[in-house]
Amino acid sequence: MFRQLVIAGFLAASAFQAQGHGDTAHKKKAARPISTEETSFGREGDPKKAVRTVRVDMSDKMRFSPDSLQVKVGDTVRFQVKNSGQVMHEMVLGTMDELKKHAELMKKHPTMEHDEPYMAHVAPGKTETMVWQFTKAGEFYYGCLVPGHFEAGMIGKVRVLTAENRK
Ligand SMILES: [Cu+2]
């Protein structure tokens, strides 16, 4: 436990050095405890319980790769989110409704600082990790809410399957 805290602190410190101004709100992620808040699309996952690692690439073509995936309900997934572009991108999980609302808000307030367990902001050339547990079956999405990107089609789909519809 102590060792993890030290590593988390180190990561937070190096992230601080690596990034410029304007995104100070994104540093605290590594140091805080796992959120117990349940959303309509799941909850923050415990990295120790991750059953799968999914690498997601984000590019300046405004695309996620892969742009769709399937998971089983209850699964905790570790997302390794890489930005291979030249501009900032982010991966934000949610329902289509929430993503659309959030995208509108980001357009109105482009400098708005937002940081939640279901989003990974990734600077050009960097990779960030996000761990999420999909606790509800259904169709969910991930989008990049940097203004203009979502509208340009930077969106992906997650199908969360129940035990029955997997057969
Ligand atoms: Cu983007």
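Here is a friendly set of questions and answers about this predicted model.

Me: How many helices and strands are there in the chain?
Reply: Happy to start with the overall layout. Read along the sequence, the pattern is α-β-β-β-β-β-β-β-α-β-β-β-β. That gives the chain 2 helices and 11 strands.

Me: What pLDDT does the chain average?
Reply: Confidence varies along this predicted chain, so a look at the parts helps. Over residues 1-28 the pLDDT stays under 50, and the model has 18 contacts beyond four places in sequence for them. Of the residues, 80% score at least 70, and the chain averages a pLDDT of 85.

Me: Which atoms coordinate the copper ion?
Reply: Along the chain, the donors follow the spacing H-x54-C-x4-H-x4-M. Their distances run from 2.0 to 2.8 Å. The donors are His89 (ND1), Cys144 (SG), His149 (ND1) and Met154 (SD).

Me: What geometry does the site of the copper ion have?
Reply: The site has 4 donor atoms, and the angles among them are 92 to 133°. Four donors count as tetrahedral if all angles lie between 85 and 135 degrees. The site of the copper ion is therefore tetrahedral.

Me: How many residues apart in sequence are the parts that His89 and His149 tie together?
Reply: Both residues are donors to the copper ion. His89 lies in strand β7 (residues 89-94), whereas His149 is in the loop between β10 and β11 (155-161). The pair therefore ties together parts that are separated in sequence by 60 residues.

Me: Is His149 buried or exposed?
Reply: Apart from neighbours within four places in sequence, His149 is in contact with Met62, Val87, Met88, His89, Cys144 and Met154. Its relative accessible area is 8%, and buried means under 20%. His149 is therefore buried.

Me: Is His89 buried or exposed?
Reply: The same cut-off of under 20% applies here. His89 has 0% relative accessibility, so it counts as buried.

Me: How are the rings of Phe41 and Tyr118 arranged?
Reply: A nice one for anyone who likes ring geometry! A pair of aromatic rings is described by the distance of the centres and the angle of the planes. The centres of Phe41 and Tyr118 are 5.2 Å apart and their planes are at 85°, so the pair is edge-to-face.

Me: Where do Phe41 and Tyr118 lie?
Reply: Both residues are buried, and ring pairs link them with Trp132 into a cluster. The Phe41–Tyr118 pair ties together parts that are 77 residues apart in sequence. Phe41 lies in the loop between β1 (38-39) and β2 (42-44), and Tyr118 in the loop between α2 (96-108) and β8 (119-122).

Me: How are the rings of Phe79 and Phe134 arranged?
Reply: Phe79 is in strand β6 (residues 76-83), and Phe134 is in the loop between β9 (127-133) and β10 (138-143). Phe79 is buried, and so is Phe134. With ring centres 6.2 Å apart and planes at 75°, the pair is edge-to-face.

Me: What percentage of the residues in the chain is buried?
Reply: For the surface, the chain exposes about 9300 Å², with carbon and sulfur atoms supplying 55% of that area. The chain has 167 residues, and the buried part of them is 40%.

Terms used:
Residues numbered from 1 in each chain as written. Predicted model: local features only at pLDDT ≥ 70, side-chain atom pairs only at ≥ 80, totals over all residues. Heavy atoms only, no water. Phe/Tyr/Trp six-rings, centres within 6.5 Å; stacked < 30°, edge-to-face > 60°. Helix = DSSP H or I, 4+ residues; strand = E, 2+ residues; numbered from the N terminus. Buried < 20%, exposed > 50% of the residue type's maximum accessible area, 1.4 Å probe, protein only. Donors = N, O, S within 2.8 Å, 3.2 Å for Na, K, Ca; no water. Tetrahedral: all angles 85-135°; square planar, octahedral: opposite > 155°, others 65-115°. pLDDT = per-residue confidence, 0-100. Contact = heavy atoms within 4.5 Å. Areas by Shrake-Rupley, 256 points an atom, 1.4 Å probe, with all protein chains shown as cover.
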